[in-house]
Amino acid sequence: MSQSQAEVELLDRNDPLGPKREAFRIPEGLIYLDGNSLGVLPRAVPARLERVIQQEWGTDLIRSWNLHGWMELPLKVGAKIARLIGAQPDEVVAADSTSINVFKTLLAALRLRPERRVIVSDIDNFPTDLYIAQGVNALLNGKYELRWVHKEGLEAAIDDSVAVVMLTEVDYRSGYRYDMRRITELTHQHGALSLWDLAHSAGAFPVDLNDCGVDFAVGCGYKYLNGGPGAPAFVFVARRHQAAAFPFLSGWMGHQAPFAFLPEYVAAEDIRRLTVGTPSVLGMSALDTALEVFDQVDMAVLREKSLRLTDLFIEQMEPLCSAYGFQLMTPRAHERRGSQVAYAHPEGYAIMQALIASGVIGDFRAPNILRFGFTPLYLRYAEVLEAVRRLEDVMRNQKWQEPRFQVREKVT
Ligand SMILES: *Cc1c(COP(=O)(O)O)cnc(C)c1O
């Protein structure tokens, strides 16, 4: 191995983000390479939830909507996320799930291009995005052509018939990162609108939505934002579209005056129109506190560490690729990579189970992908070395062949 233990320990000692690890509760001895699926628990969250439950819910009850700003949480949390994704504070709101936010934004975007009949996406996009588009199309009586293409055919698929180009910036399996600026510009040259899913971008590296001219975006609260299982998602609508983005899920929280209780729906002028019903206060509170770990974090520094971590992992994995047949699926070019690295292997499932049993958590994505997420806020360089060492042990001693590692669980 070319990078020695001493060298990575030096990297860790000089890591400007090193002290951030203290802000997280990381189980002893565990190497967690799955923050792209469920971020680890920020230490400040349990106390916040305890307070919300005991004081706000338990004692102050209904008064808490005003007293403790429950009503403002979606906007407050949205504004915190805005800083991480290159948006204005009033362009983002925390709400619902990513799937539901795809539904809302896709319908709103289609309505802004009423004469057009094509939705473009990547056939390897995360299934929920594709499924939601299919539901949207069914709702609109199947009027749309769902143009799902492979990455190499994407640019050719964008023409003047397209209403919306809907993509996930970082491919959840391969880790390939689209050129958001280039694709968004191309989309606009053809008069179409862009909808980006930031599930594997927000909190993982700096995103520049406004600088890239993005129209709509959505993303997850429980991945790199560490908001906890099932945390609220977020939705971005560029200011220039807010007044015209029709809120088809026209619930009372998106009304101009929810507490006027009027029979007729009138959408709020601002981003609030993308909200639907009562916010999930427990989830919002956890996410609100979880986001504090990003306070004072320079996202450029975070990106630099992320690239070093993934570079180190790729380099350390090279001998295993030749010895055991792992195939790197993630681009080596920095600008084409997010903060995850994926390998294909025919025995990927069993290998990942054996690796998890050894205390290194990554995950498996059908049909044959081993996926490793690198969260710069809490990972150490030394852990990257140790993770590869344990994987090498799994392979050399054929530990993955044990029958218990062959059994498929419900969640992989
Ligand atoms: C994780 C993920 C989702 C998840 O959507 P939910 O509604 O939160 O289940 C959506 N899109 C992408 C690209 C994802 O990676």
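This is a conversation between a trainee and a mentor about a predicted model and the terms used to describe it.

Trainee: Why is Lys-223 called buried?

Mentor: The relative accessibility of Lys-223 is 9%, and buried means under 20% relative accessible area, so Lys-223 counts as buried. Lys-223 is placed in the loop between S7 and S8, and the unreviewed UniProt entry annotates Lys-223 as "modified residue: N6-(pyridoxal phosphate)lysine".

Trainee: What makes Tyr-222 partly exposed?

Mentor: Tyr-222 has a relative accessible area of 25%, and the class called partly exposed runs between the limits of 20% and 50%, so Tyr-222 is put in that class. Tyr-222 lies in the loop between strand S7 (216-219) and strand S8 (234-237).

Trainee: Which residues does Tyr-222 touch, and which does Lys-223 touch, leaving out residues up to four places away in sequence?

Mentor: Tyr-222 touches Ser-37, Leu-38, Gly-39, Gly-227, Gly-228, Gly-230 and Ala-231, while Lys-223 touches Gly-35, Asn-36, Ser-37, Gly-39, Ala-199 and His-200. A contact here needs heavy atoms within 4.5 Å.

Trainee: How do you know that the residues listed under "binding site" do not all gather at one spot?

Mentor: That list comes from an unreviewed UniProt entry, and includes Thr-98, Phe-126, Thr-168, Tyr-222 and Thr-278. The listed residues span 181 residues in sequence and the farthest two C-alpha atoms are 30.6 Å apart, so they do not all gather at one spot. Of these residues, Phe-126 and Thr-168 are included in the lining of the largest cavity.

Trainee: Why does Phe-126 count as partly exposed?

Mentor: Phe-126 has 33% relative accessibility, which falls between the 20% and 50% limits, so Phe-126 counts as partly exposed. Phe-126 is found in the loop between strand S3 (118-122) and helix H6 (127-139).

Trainee: What makes a residue part of the lining of the largest cavity, and which residues are they?

Mentor: A lining residue has an atom within 4 Å of a cavity point, and the residues that line the largest cavity are Asp-122, Asp-124, Asn-125, Phe-126, Lys-151, Leu-167, Thr-168, Val-170, Asp-171, Tyr-172 and Tyr-178. By class, this lining has 5 nonpolar, 2 polar and 4 charged residues, and the space in the largest cavity is about 50 Å³.

Trainee: How many cavities of 30 Å³ or more are counted?

Mentor: The count comes to 1 cavity of 30 Å³ or more.

Methods. Residues are numbered from 1 along each chain as its sequence is written. This is a predicted model: local features need pLDDT of at least 70, side-chain atom pairs count only at pLDDT 80 or more; totals for chains, interfaces and linings use all residues. Side-chain values use heavy atoms; hydrogens and water are left out. UniProt positions are given in the numbering used here, feature names are shortened, and annotations may be inferred rather than shown by experiment. On a 1 Å grid over the protein atoms alone, a cavity is a set of points where a 1.4 Å probe fits but cannot get out, and a pocket is an open set with protein on both sides within 12 Å along at least five of seven lines; lining residues have an atom within 4 Å of a point. Helices (H or I, at least four residues) and strands (E, at least two) are DSSP runs, numbered from the N terminus. Buried means under 20% relative accessible area, exposed over 50%, partly exposed in between (1.4 Å probe, protein chains only). Grid points are joined across faces, edges and corners, and a volume is the space filled by probe spheres set on the points. Ala, Val, Leu, Ile, Met, Phe, Trp, Tyr, Cys and Pro count as nonpolar, Asp, Glu, Lys and Arg as charged, and the others, Gly among them, as polar.
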